Amino acid sequence: MQKALVLGGASGLLGQALVSVLTKTENWQVKSLGRSDINVFDEKALAAFLKEFQPDVVFNTIAWTQVDDAEDHPDQALEVNATFAGMLARLLAQTSCFLLHFSTDFVFGSHSQRLPLTETDTPAPESVYGRTKLAGEQEIFSFLPKQAAVLRTAWLFGPWKKNFITTILQLAQKKKQLTVVADQCGSPTYTLDLARWSAVVAEKRAYGLFHAVNAGQASWFEFASKAIQLAHIDGTVLPITSSQWPQKAKRPPYSVLSTTKLANILDTSAFLIRPWEEALAEYIEQFMS
Ligand SMILES: NC(=O)c1ccc[n+]([C@@H]2O[C@H](COP(=O)([O-])OP(=O)(O)OC[C@H]3O[C@@H](n4cnc5c(N)ncnc54)[C@H](OP(=O)(O)O)[C@@H]3O)[C@@H](O)[C@H]2O)c1
């Protein structure tokens, strides 16, 4: 049995999914660590904890994820998304522990490409969140070039925490008509699927950068419309443009991710990369009805 430490496992959207998936298998002994346990930025305290628990794999989901807020708090976002990631990687470099870290499609910016982006495409973030997450990736690989995997994911939905789908379904129950942005295209991803892929990557110690999202693509408008249809809510969704829904942080207009590299790692495992619609149907049926 391997020891897994899930940073953010008690309260995060992805962290809770990881804890749920890992504890259901016999391969892992799981511990989560978060704000209420120690100040994770206290290097000495974190080092002492790691020395005592001796994890085989650390899954780091701790991040500043409030994308618009990050524009007003760039230093704090950098501290969580890059400085902390670097400190963790530096501590783990003195051990044989593998690090699995998560990044984002928002490392990409406005480009003319309309083909799914691969791990070798050049990132060009246009938001504080995207820039700090990219800096986090670089920190990690500078200390752990062959002892870490960074999974870039996107548009997460799943149980146990508020997310885009819970917000949309709540709104749709209150209002007959919703407007949702239709000119941003990305890769909706189910946290429980991502957690299962993460476990395989960790078990195989597959190091490097991977794009990890469900198959297919959608605009926010299509994502919301599908959720409302699957939840059998009688509401109308109307498409609008990003300029009709101004947000502080600039989002990439097209950030669909190619998962060919991850699919090769998952090849012999039980977990394939299914279409986001199938995963969304399962989520709504199991957790929202
Ligand atoms: N959500 C998405 O759509 C999305 C898309 C692309 C990539 N990602 C990436 O996926 C990963 C997981 O995202 P998520 O949506 O699961 O994030 P989340 O729900 O916001 O969870 C973030 C976790 O980090 C913890 N955290 C933040 N600041 C902390 C601090 N100063 N000290 C201790 N803990 C702190 C939070 O703890 P508290 O609950 O105590 O604040 C929470 O457990 C992140 O790396 C994110 O960048 C997410």
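Which atom does a backbone N or O atom of L13 approach, and at what distance? A backbone N or O atom of L13 lies 2.9 Å from an oxygen atom of the ligand. The legends below concern a predicted model, in which local features need pLDDT of at least 70, side-chain atom pairs count only at pLDDT 80 or more, and totals for chains, interfaces and linings use all residues. Residues are numbered from 1 along each chain as its sequence is written, and side-chain values use heavy atoms, with hydrogens and water left out.

**View 1. The residues around the ligand.** The ligand is surrounded by 22 residues, a residue being counted if one of its heavy atoms lies within 4 Å of the ligand. The closest are S11, R35, T65, Y129 and K133. By class, this shell holds eleven nonpolar, eight polar and three charged residues. Here Ala, Val, Leu, Ile, Met, Phe, Trp, Tyr, Cys and Pro count as nonpolar, Asp, Glu, Lys and Arg as charged, and the others, Gly among them, as polar.

**View 2. Helices and strands that line the ligand.** At least two residues of the shell come from each of α1 (13–24), β4 (98–104) and α5 (128–143). Strand β4 gives the most, with three residues. Helices (H or I, at least four residues) and strands (E, at least two) are DSSP runs, numbered from the N terminus.

**View 3. Backbone atoms beside ligand oxygen atoms.** A polar backbone atom of L156 is 2.9 Å from an oxygen atom of the ligand. For G8, a backbone N or O atom lies 3.5 Å from an oxygen atom of the ligand. Taken alone, the ligand exposes 900 Å², of which the protein buries 82%; the areas come from the Shrake-Rupley method with a 1.4 Å probe.

**View 4. R152 in strand β5.** R152 belongs to strand β5 (residues 148–153). This arginine is buried, with a relative accessible area of 2%, where buried means under 20% relative accessible area (1.4 Å probe, protein chains only). The side chains of R152 and H211 are joined by a polar contact of 3.0 Å; such a contact is a pair of N or O atoms within 3.5 Å, and within protein one must be able to donate a hydrogen and the other to accept it, while residues adjacent in sequence count only if both atoms are side-chain atoms.

**View 5. R274 in a loop.** R274 is placed in the loop between α9 (260–266) and α10 (276–287). At 15% relative accessibility, R274 counts as buried. Not counting residues up to four places away in sequence, R274 touches Y190, D193, R196, N214, A215, A279 and E282, contact meaning heavy atoms within 4.5 Å.

Key. Buried means under 20% relative accessible area, exposed over 50%, partly exposed in between (1.4 Å probe, protein chains only).
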